[in-house]
Amino acid sequence: MKKTLRRILFCCAAIVLALNGILHLTDTLAGRRALTEATAVHFIDVGQGDAALLLSGGQAVLIDAGTKEGGAAVVRYLQDLGVKRLFAAVATHPHADHIGGMAQVLEAFPVDAFYMGTETANTAAYSKMLDALEARGVRPSVPKDGDKLEFSSGASLTFLGPDGDVPASNLNDRSLITLFRAGDRSVLLMGDAEAAAEQSLLRRHPALPCDILKVGHHGGATSTSPALLEAVTPSAAVISCGLDNDYGHPSEQALENLSRAGVADVRVTAQAGTVVIPLDPTSSSKENAA
């Protein structure tokens, strides 16, 4: 009788331990940690690709999601921060190093709004992103120049292009360009915009100062012109690229242009890893590598 009772108690204890483990795992996967109310930009290290997370007032906006291989890392990063849903997601343009991981993100998190351009791509990454949007019941929006997404904190994300004068022959130039503003501080995110897109931006917005520049096209030689830097006058710049990548990013030309423009604080994710920039008024203007 005692042996039977002991076996029953042992089995019950084992079941309780197993359930506790499952609950702990579920909590971890669900990102139980509360998302910070602070305002910051996280340039997530996704290798040769782009992924930027904007946080403010407990809301999260993701701009691009890296490659297919980097998608899982983006999902984990967001979960570790306590992100449970996305206020919005943005696909700057349909190249795989920007949208390859977007389907995985959309499968992991509900999203209130999704922004993308009119350009399409006959690729698996693009098709999977559309399938994930359809599964979520989210209809993507195509933003116009000047459209603004307002955070509850008062921060905002403004869409600045591309305009109709940018030819569709180069998908990089058709990247959505955005300006994230919090109080008197701002971050200009250029996607993969090259010369034609930069010229169009300056024609429409000749005075567009920002504190932080997310350098276009991973620091390629055809982006980050002296004219752009003269107009936006950033105090710091971030370049998202992979270590020893096949494209030679960041290029010597882009780095030289930044140096000549007096931008001494340049962070490259290939060396620094994920770069976190706090934007709250009381925070330091220096970036921190995560």
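Here are two short exercises on charged side chains in this predicted model.

Residues are numbered from 1 along each chain as its sequence is written. Local features need pLDDT of at least 70 and side-chain atom pairs pLDDT 80 or more, while totals for chains, interfaces and linings use all residues; side-chain values use heavy atoms, leaving out hydrogens and water.

**Exercise 1.** Work out which parts of the chain the salt bridge between Asp-112 and Arg-85 ties together.

*Solution.*
- Start with the term: a salt bridge puts a side-chain nitrogen of Lys or Arg within 4 Å of a carboxyl oxygen of Asp or Glu.
- Now check the pair: the closest N and O atoms of Asp-112 and Arg-85 are 2.7 Å apart.
- Next, find the places. Asp-112 sits in the loop between helix H4 (102-108) and strand S5 (114-116), and Arg-85 in the loop between helix H2 (71-81) and strand S4 (88-91), so the bridge ties together parts 27 residues apart in sequence. (Helices are DSSP runs of H or I, at least four residues; strands are runs of E, at least two; both are numbered from the N terminus.)

**Exercise 2.** Find out what the side chain of Glu-198 pairs up with.

*Solution.*
- Locate Glu-198: look in helix H6 (residues 195-204).
- Try a salt bridge: Glu-198 has none, though buried, and Lys-214, the nearest side chain of opposite charge, is 10 Å away. (Buried means under 20% relative accessible area, with a 1.4 Å probe and protein chains only.)
- Try Ser-225 instead: its side chain joins that of Glu-198 in a polar contact of 2.8 Å. (That's a pair of N or O atoms within 3.5 Å, one able to donate a hydrogen and the other to accept it; residues adjacent in sequence count only if both atoms are side-chain atoms.)
- Finally, look at Thr-224: its backbone nitrogen lies 2.5 Å from a polar atom of the Glu-198 side chain.

Definitions and conventions: Buried < 20%, exposed > 50% of the residue type's maximum accessible area, 1.4 Å probe, protein only. Lys, Arg positive; Asp, Glu negative; His and termini not counted.
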